[in-house]
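Here are my notes after going through the model you sent over. Have a look at the structure first, then read on.

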Amino acid sequence: QAETADDETRERAIAAAGMVKAADLLASEYTLVITNVPYLGRGRQDDLLKDHLERHFDDGKADLATAFLLRCLELGSSGGCSVMVTPQNWLFLTSYKRLRLGLLKRHRWDLVARLGPGAFEGIGGHVVNVALPVLSATRPDEAATISGIDVSRATSASEKARELSGVDSGHFVLIPQAEQLSNPDAIITFERRGTSGLLGNYA
């Protein structure tokens with residue numbers, strides 16, 4: 001019928017088929033989810049989007065990127081893995097404290113790579129500091145460790161790629177995941193805390 005219908009009817013039929021396919025994809029579970037999430041801070045979201053994120057992804061509502069992070073983890077099957085290019089700021093800003101606490105308690109963090117600015121070739125415009133978290137849909141046990149690497153000081157995408165692939169270069173650090181919960185505001189850091197007090201206790 002769509003083939004013999006007018007152009008408008010045919011376009012509606014194609015759109016409907018696309019929506020059915022999208023619904024099928026979004027209702028499935030996946031072993032691996034890989035994506036570069038969209039970025040849009042809460043101040044630039046319209047009311048409809050704000051309301052949706054507040055109702056369904058409250059811990060990640062401060063940015064569309066962190067809401068997508070939560071949604072991608074929902075798409076993962078038990079033991080599935082999500083790899084995302086995200087802004088770096090959710091790893092340390094106070095406004096994302098609840099998000100970090102929830103993710104640290106409910107998911108195993110396999111890797112966090114701080115890519116910094118200039119991580120992609122051919123992308124101009126404003127500078128975005130990005131990170132590459134790899135999270136699994138598995139509850140962490142007491143022995144869970146996070147592999148961390150920081151290549152943000154590298155100035156080009158190719159230099160960052162070389163540093164990321166240099167496993168024997170000593171750039172990777174292993175940090176117990178449970179220790180991140182005891183950091184102020186549960187910020188994600190590659191530094192091991194010493195026994196002395198925090199500067200914030202005195203300043």
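The points below go from the whole chain down to single side chains.

1. Overall picture. Keep in mind that this is a predicted model. The chain has six helices and six strands, and from the N terminus the order is α-β-α-α-β-α-β-β-β-α-β-α. Along the principal axes, the C-alpha atoms take up a box of roughly 75 × 40 × 35 Å.

2. Burial and contacts. Of the 203 residues, 32% are buried. The accessible surface adds up to about 12,300 Å², with 55% of that on carbon and sulfur atoms. If you take contacts between residues at least 6 apart in sequence, 66% of them join residues at least 24 apart.

3. Strand β3 and its partners. Residues 108-116 form β3, which runs antiparallel to β4 (residues 130-136) with seven bridges between the two. One position to look at is Gly-116, which faces Val-130 of β4. β3 also pairs with β5 (residues 145-150), this time in the parallel sense and over four bridges. There, Leu-111 has Ser-147 as its bridge partner.

4. The tryptophans. How many aromatic pairs does the count give? Just one aromatic pair turns up. It is made by Trp-90 and Trp-109, whose ring centres are 5.7 Å apart; with the planes at 45°, the pair counts as tilted. The two residues are 19 apart and link distant parts of the chain: Trp-90 is in the loop between β2 (76-87) and α4 (97-106), while Trp-109 belongs to strand β3. Trp-90 is buried, because its relative accessibility is 0% and the limit for buried is under 20%. Trp-109 is buried too, also with a relative accessible area of 0%.

5. A charge over a ring. Arg-114 places its charged end over the ring of Phe-190, at 5.1 Å from the ring centre. Arg-114 is worth displaying together with Phe-190 when you open the model.

6. The cysteines. Why does Cys-72 form no disulfide? The closest cysteine sulfur belongs to Cys-81 and is 11 Å from that of Cys-72, so the two are too far apart for a bond. Cys-81 is likewise in no disulfide, with the sulfur of Cys-72 as its nearest, 11 Å away. In total, the structure has zero disulfides. As for burial, Cys-72 has a relative accessible area of 5% and is therefore buried. Cys-81, at 17%, counts as buried as well.

Terms used:
Residues are numbered from 1 along each chain as its sequence is written. This is a predicted model: local features need pLDDT of at least 70, side-chain atom pairs count only at pLDDT 80 or more; totals for chains, interfaces and linings use all residues. Side-chain values use heavy atoms; hydrogens and water are left out. Two strands pair if DSSP finds at least two bridges between them. Rings of Phe, Tyr and Trp (its six-membered ring) pair if their centres lie within 6.5 Å; planes under 30 degrees apart count as stacked, over 60 as edge-to-face and the rest as tilted. Buried means under 20% relative accessible area, exposed over 50%, partly exposed in between (1.4 Å probe, protein chains only). A charge sits over a ring if NZ of Lys or CZ of Arg is within 6 Å of the ring centre and within 35 degrees of the ring normal. A disulfide is a pair of cysteine sulfur atoms within 2.5 Å. Contact means heavy atoms within 4.5 Å. Accessible areas come from the Shrake-Rupley method with a 1.4 Å probe; for residues, only the protein chains shown count as cover.
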